[in-house]
Amino acid sequence: MRRRAERVGGMAAAAVLTAVLAGCGNDGYEPVGPFRPLPEDPPPQVGPPTESPQVPAPGDPADPNAGEQAGDPNVVASGLTVPTGLVVLPDGSAVVGERDSGRLLQVFPDRSPARELMTVPGVDPAGDGGLLGLALSPTFAEDGLLYAYLSTATDNRVVRFPLGGTPNPVLTGIPRGETHNGGGLLFGLDGTLYVGTGDTGNPALAQDGASLAGKVLHVDVFGQPVGGDRVHSRGHRDVTALCMGGDEQMYATDDSAGDPDELDAVVPGGDHGWPDAGPDSVDPVVEFPGAEGGLGGCAVAGRTVFLGALDGQRVHVVELDGSGAAVEEPTDFLAERYGRLRTVVLDAEGALWITTSNRDGIGVPVEEDDRVLRVPPPGGTTDSPL
């Protein structure tokens with residue numbers, strides 16, 4: 001089977017939670033009660049490596065006077081192994097998770113050395129599982145919490161923790177398989193947590209209302225269903241990433257591992273047509289043939305969606321009209337320049353953070369792999385209003 005890749009300042013855990021989600025057993029984690037730091041080592045310092053360094057424009061060298069010695073100005077970190085989840089912190093740095101090892105590292109836009117923060121316990125990277133999506137708590141400035149979607153030996157699940165602290169389960173029992181384990185994670189503007197899952201290689205689960213597989217789920221920060229049902233949409237194969245624009249339209253990348261991959265505009269209560277598209281199923285925004293697909297990340301700026309493509313080894317650029325339809329054929333950038341490209345995240349400066357996935361068992365790595373890039377989007381697309 002294919003192995004797919006795919007302003008912190010104060011880190012005080014002010015919002016300590018005093019109860020563990022009911023029904024979350026010890027399958028892969030022991031119940032630990034309230035959030036607490038790891039018992040031996042203090043939480044790592046998270047923040048700029050120096051006193052408020054000026055964030056360089058994306059694509060500029062860390063030292064403008066260093067010339068070629070500064071290396072590729074798009075590369076902010078190198079020497080990682082299958083970096084998959086990525087979130088940008090309020091101070092402009094990013095936390096990156098390695099899929100196989102479960103390590104979290106802090107990466108800096110001025111290209112300072114990456115800083116190892118912790119290793120998330122209980123991660124099982126078999127197949128295309130592992131440490132997948134990451135998301136910041138909607139109240140991160142107060143509670144310092146990070147949410148992660150990961151695979152254990154028995155399930156896929158969402159956990160949360162302060163950096164350097166012990167994970168607590170939020171949502172467990174998501175089916176786990178050798179392939180199609182999902183991993184999309186996104187907070188909506190109202191604080192709803194959206195979770196993208198895969199069908200685990202069993203297409204029937206995508207239409208099974210009793211299964212959490214092949215769905216986009218919606219829960220609150222305690223893992224409880226929103227509106228009485230955890231299922232937000234169904235009929236997905238493998239939701240590897242979720243992203244949302246200023247109009248609050250959510251998009252999902254649906255990776256097929258062979259068939260055309262899709263960019264879906266997620267419809268609440270909608271059926272997105274896998275495995276059999278019916279008359280009421282929702283058509284995708286755009287499809288990509290397998291050789292151009294392997295969709296693993298998405299970000300929205302104005303009316304432009306950026307998609308990381310593993311097999312396509314590029315970032316696809318999809319321009320939308322006011323109705324959300326693709327205006328024309330997608331374009332691309334960074335094609336075949338850095339190998340397999342996965343996660344794509346937009347920061348407050350308008351730059352795109354992108355991870356490579358060349359050490360995933362499929363790619364052909366170079367010495368610097370895997371890398372984290374920070375690049376300006378093509379064509380000034382971040383200026384396009386919704």
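This report describes parts of a predicted model of one protein, beginning with confidence and going on to sheets, a pocket and single residues.

## Confidence in the model

The structure is a predicted model, and its mean pLDDT is 85. Of the residues in the protein, 80% reach a pLDDT of 70 or more.

Two stretches have low values. Over residues 49–56 the pLDDT stays under 50, and the model gives this stretch 12 contacts beyond four places in sequence. Residues 59–69 also have a pLDDT below 50. For residues 59–69 the model shows 11 contacts beyond near neighbours in sequence.

## The sheet with β1 and β22 at its edges

Strands of a sheet are held in pairs by hydrogen bonds of the backbone, and the pairing may be parallel or antiparallel. One open sheet in this model consists of four strands, in the order β1-β24-β23-β22. Its pairing is antiparallel. At the edges lie β1, covering residues 75–77, and β22, covering residues 341–346. Each of these edge strands pairs on one side only. On average, neighbouring strands in this sheet are turned by 30° against each other, with direction ignored.

Within this sheet, β23 spans residues 352–356 and β24 spans residues 372–375. The two strands run antiparallel and are joined by four bridges. I354 has L373 of β24 opposite to it.

The loop between β23 and β24 contains D370. The peptide bond that joins D369 and D370 is cis, with an omega of about -10°.

## The sheet with β18 and β21 at its edges

Another open sheet of four strands has the order β18-β19-β20-β21. Here too the pairing is antiparallel. The edge strands are β18, made of residues 295–301, and β21, made of residues 331–333. Both pair on one side only. The average turn between neighbouring strands of this sheet is 25°, direction ignored.

Strand β19 takes in residues 304–309 and pairs with β18 over six bridges. This pairing is in the antiparallel sense. A299 faces F306 of β19 across the pair, standing opposite to it.

## The second largest pocket

The second largest pocket holds about 220 Å³ of space. It is lined by 13 residues, and those closest to its centre are V75, V76, A77, S78 and R111. The edge strand β1 is made up of residues 75–77, and V75, V76 and A77 are therefore part of that strand as DSSP runs define it.

Which classes of residue make up the lining of this pocket? Six of the lining residues are nonpolar, three are polar and four are charged.

## Single residues along the chain

V231 is found in strand β13, which covers residues 231–233. Leaving out neighbours within four places in sequence, V231 is in contact with K215, V216, L217 and H218. Strand β12 spans residues 216–219. V231 and G269 are 38 residues apart along the chain, while their C-alpha atoms are separated by 7.6 Å.

T200 is found in the loop between β11, which spans residues 193–196, and β12. Although T200 is not a glycine, its phi is positive, at about 60°.

Where does P275 lie? P275 is in the loop between β16, residues 261–265, and β17, residues 286–288. W274 and P275 are joined by a cis peptide bond, and its omega is about 5°.

Conventions. Residues are numbered from 1 along each chain as its sequence is written. This is a predicted model: local features need pLDDT of at least 70, side-chain atom pairs count only at pLDDT 80 or more; totals for chains, interfaces and linings use all residues. Side-chain values use heavy atoms; hydrogens and water are left out. Two strands pair if DSSP finds at least two bridges between them. Axes are lines fitted to C-alpha atoms, for helices over the stretch in contact, and angles run from 0 to 180 degrees between N-to-C directions. pLDDT is the predictor's confidence in each residue, from 0 to 100. Contact means heavy atoms within 4.5 Å. On a 1 Å grid over the protein atoms alone, a cavity is a set of points where a 1.4 Å probe fits but cannot get out, and a pocket is an open set with protein on both sides within 12 Å along at least five of seven lines; lining residues have an atom within 4 Å of a point. Grid points are joined across faces, edges and corners, and a volume is the space filled by probe spheres set on the points. Ala, Val, Leu, Ile, Met, Phe, Trp, Tyr, Cys and Pro count as nonpolar, Asp, Glu, Lys and Arg as charged, and the others, Gly among them, as polar.
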